[in-house]
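Visitor: I would like a close look at a single part of this model. Please start from one residue and work outward from there.

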Amino acid sequence: FFYWDTKPVGHMRTGKTCDLVFTTKIVEVLTFLFTGRKKTVFLYTFAFRIPCVINRYYFVVNRILSSMKRLFYWAFSLLSLCTACHEPDASNVIEVDLQTAGKEIAYSRFVESVEEVTLHLPDSLPVKGVERLYFDGDKLFMEDSGGEGIFVFDGGSGNLLSRLNAFGEGPEEIKRIGAFCLDPYHKRMCIFDKGDRKLKMYDYGGRYVHSVPVGSFFLDMVKLDEHVMTYFYPIYAGGEQPEGVWTCDSLDRLVKRLDTHVTEDCKFHYFPVMYNWDGKRAYYYDRNWDELSVITADTLEVLHKFHLRNAIPLSVKGKRNLSPQDLEGRSILHYFACSSRFLLMNFYTFRQEDPYGQDVVWLLLDRETGETEVAKSLKNDLASHGTIENNSLFYKDDHIWVRVDDSSDNAVRLELLHLR
């Protein structure tokens with residue numbers, strides 16, 4: 001779940017379980033207008049270009065520029081201060097107290113019916129677990145957490161259609177998967193190869209199409225528009241690259257910064273699912289601030305702010321030498337799935353005596369009424385087969401969520417939860 005980062009830009013290596021994320025190169029940067037540049041850079045450029053146009057009146061213009069610079073400084077400082085608060089309306093703040101957890105939440109509270117689908121795998125292709133799960137039309141895409149690549153299934157029959165496992169050192173091969181998403185506009189699987197810092201495209205049959213070098217490091221990505229890619233890097237980078245959420249075009253040129261609410265204390269990241277995607281929008285959970293947002297190709301809107309009673313404080317997340325004792329008893333979002341009516345989440349609490357992460361509590365929010373229910377487990381009271389014991393939760397769309405039983409070597413059982 002964790003990685004160690006000695007430099008925040010392009011020097012990530014796969015770490016051992018329970019390694020942590022830190023950025024050790026601290027650079028004091030004044031953020032100006034969400035660009036990540038120093039204020040002096042913007043003001044110098046402003047003062048340089050105007051006199052080039054009207055240099056005949058240099059003395060007068062210089063006085064004007066001096067006043068305008070002070071005006072811009074105070075105006076935009078005020079805007080930056082207001083933005084830094086980054087708080088949604090108080091009515092959208094949800095109190096979360098995991099200590100009040102009951103025994104279980106029944107499926108019937110939010111599910112209309114349960115459909116079971118089995119994904120069939122050859123005996124020679126065992127999977128360790130499901131890292132990511134995406135849908136496009138009648139196809140289902142599953143990334144194996146054990147490094148066996150990406151499997152493409154028929155969503156109805158569960159039969160295996162193709163597999164992307166082009167690992168190697170060649171220019172059309174994958175050295176190390178850093179992020180994976182779908183491009184439904186061009187029917188491509190998009191792979192961020194951390195080994196050579198390239199975005200590599202493959203068709204749905206697993207055949208190589210093309211590559212694009214990327215200049216910035218990121219943790220995840222999503223395709224919300226035909227012409228741009230949305231990137232996520234909620235870790236402090238010291239001004240050396242974009243932070244938060246931003247978009248780039250097909251040539252890796254910055255298009256828009258959607259969110260830059262990342263401070264020097266944002267150095268700790270927990271890796272399970274960051275967003276839900278339905279092709280046009282994404283529900284994004286920011287673990288730095290415990291905020292749920294909805295993202296389109298050019299907008300980010302905060303929907304809910306959560307006050308998690310035993311959350312990891314930013315002062316702890318930003319510590320240079322973070323120890324297990326610092327995290328003891330602290331909680332963080334694990335998985336979530338959102339719809340227009342319901343939000344289902346589970347939170348993991350760090351325990352030194354629980355190295356396999358069994359201390360997970362579920363929360364169900366009825367977004368229409370504001371009612372919440374907290375419990376230690378989910379119960380399938382709508383089907384005859386047994387309840388899935390793990391804590392997985394994936395998103396297909398606003399009407400169907402998915403739970404995964406990947407305990408078998410040659411098959412993966414899916415529960416498609418058709419929501420009320």
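**A buried acid and its surroundings**

Guide: Asp144 sits in strand S7, which covers residues 139-144. Keep in mind that this is a predicted model. Asp144 is buried, yet it has no salt bridge. The nearest side chain of opposite charge belongs to Arg163, 7.0 Å away. A salt bridge here requires a Lys or Arg side-chain nitrogen within 4 Å of a carboxyl oxygen of Asp or Glu.

What does the side chain of Asp144 have beside it? One of its polar atoms lies 2.9 Å from the backbone nitrogen of Lys128. The backbone nitrogen of Gly129 is 3.2 Å from a polar atom of the Asp144 side chain. Lys128 and Gly129 also appear in the contact list of Asp144, which leaves aside neighbours within four places in sequence. The other residues on that list are Val127, Glu131, Gly149 and Phe151.

Now the wider setting. The protein chain has 420 residues, and 49% of them count as buried. It contains four helices and 29 strands. Take the contacts with a separation of 6 or more: residues 24 or more positions apart account for 52% of them. The chain exposes about 19800 Å², with carbon and sulfur atoms supplying 51% of that area.

Next, the nonpolar interior. The largest nonpolar core has 58 residues. Phe110, Leu133, Met142, Trp401 and Leu414 have the most contacts inside it. Apart from it lies another core, of 43 residues, with Phe192, Met221, Leu224 and Met274 among them. Back to Leu414: leaving aside neighbours within four places in sequence, its contacts include Leu133, Leu140, Val402 and Val404. Glu116 is also in contact with Leu414. Glu116 in turn belongs to a network of salt bridges with Asp405, Arg413 and Glu415.

That brings us to the charged pairs. The structure holds 23 salt bridges. One of them joins the side chains of Arg309 and Asp97, at 3.7 Å from N to O. Arg309 lies in the loop between strand S21 (300-308) and helix H3 (314-317), and Asp97 in the loop between S3 and S4, so the pair ties together parts that are 212 residues apart in sequence. Asp97 is partly exposed, with a relative accessible area of 24%.

Asp97 has a further partner. Its backbone oxygen is reached by the side chain of Thr100 at 2.8 Å. Thr100 is in the loop between strand S3 (93-96) and strand S4 (105-106). Thr100 is exposed, with a relative accessible area of 52%. The C-alpha atoms of Thr100 and Lys376 are separated by 9.7 Å, although these residues are 276 residues apart along the chain.

A second bridge joins Arg109 and Glu373, with the closest N and O atoms 2.7 Å apart. Arg109 lies in the loop between S4 and strand S5 (111-120), and Glu373 in strand S25 (residues 372-375), so this pair ties together parts 264 residues apart in sequence. Arg109 counts as partly exposed, at 26% relative accessibility. Glu373 is partly exposed too, with a relative accessible area of 23%.

A third bridge pairs Lys187 with Asp136, the closest N and O atoms being 3.0 Å apart. It links distant parts of the chain: Lys187 is in the loop between S10 and S11, Asp136 is in strand S6 (residues 130-136), and they are 51 residues apart. Is each partner buried or partly exposed? Lys187 is partly exposed at 39% relative accessibility. Asp136 is buried, with a relative accessible area of 14%.

The backbone of Lys187 also deserves a check. Its phi is near 55 degrees, a positive value in a residue other than glycine. Most residues other than glycine have a negative phi. Asp252 also has a positive phi, of about 65 degrees, and is not a glycine. Asp252 is in the loop between strand S16 (244-249) and strand S17 (254-259). Its relative accessible area is 23%, so Asp252 is partly exposed.

One more loop residue remains. Ser216 lies between strand S13 (208-213) and strand S14 (220-222). Ser216 is buried, with a relative accessible area of 17%. Not counting residues up to four places away in sequence, Ser216 touches Arg197, Gln241, Pro242 and Trp246.

Methods: Residues numbered from 1 in each chain as written. Predicted model: local features only at pLDDT ≥ 70, side-chain atom pairs only at ≥ 80, totals over all residues. Heavy atoms only, no water. Helix = DSSP H or I, 4+ residues; strand = E, 2+ residues; numbered from the N terminus. Buried < 20%, exposed > 50% of the residue type's maximum accessible area, 1.4 Å probe, protein only. Lys, Arg positive; Asp, Glu negative; His and termini not counted. Polar contact = N/O pair within 3.5 Å; in protein donor to acceptor, adjacent residues only side chain to side chain. Contact = heavy atoms within 4.5 Å. Core = buried A, V, L, I, M, F, W, Y, C linked by side-chain atoms within 4.5 Å. Areas by Shrake-Rupley, 256 points an atom, 1.4 Å probe, with all protein chains shown as cover.
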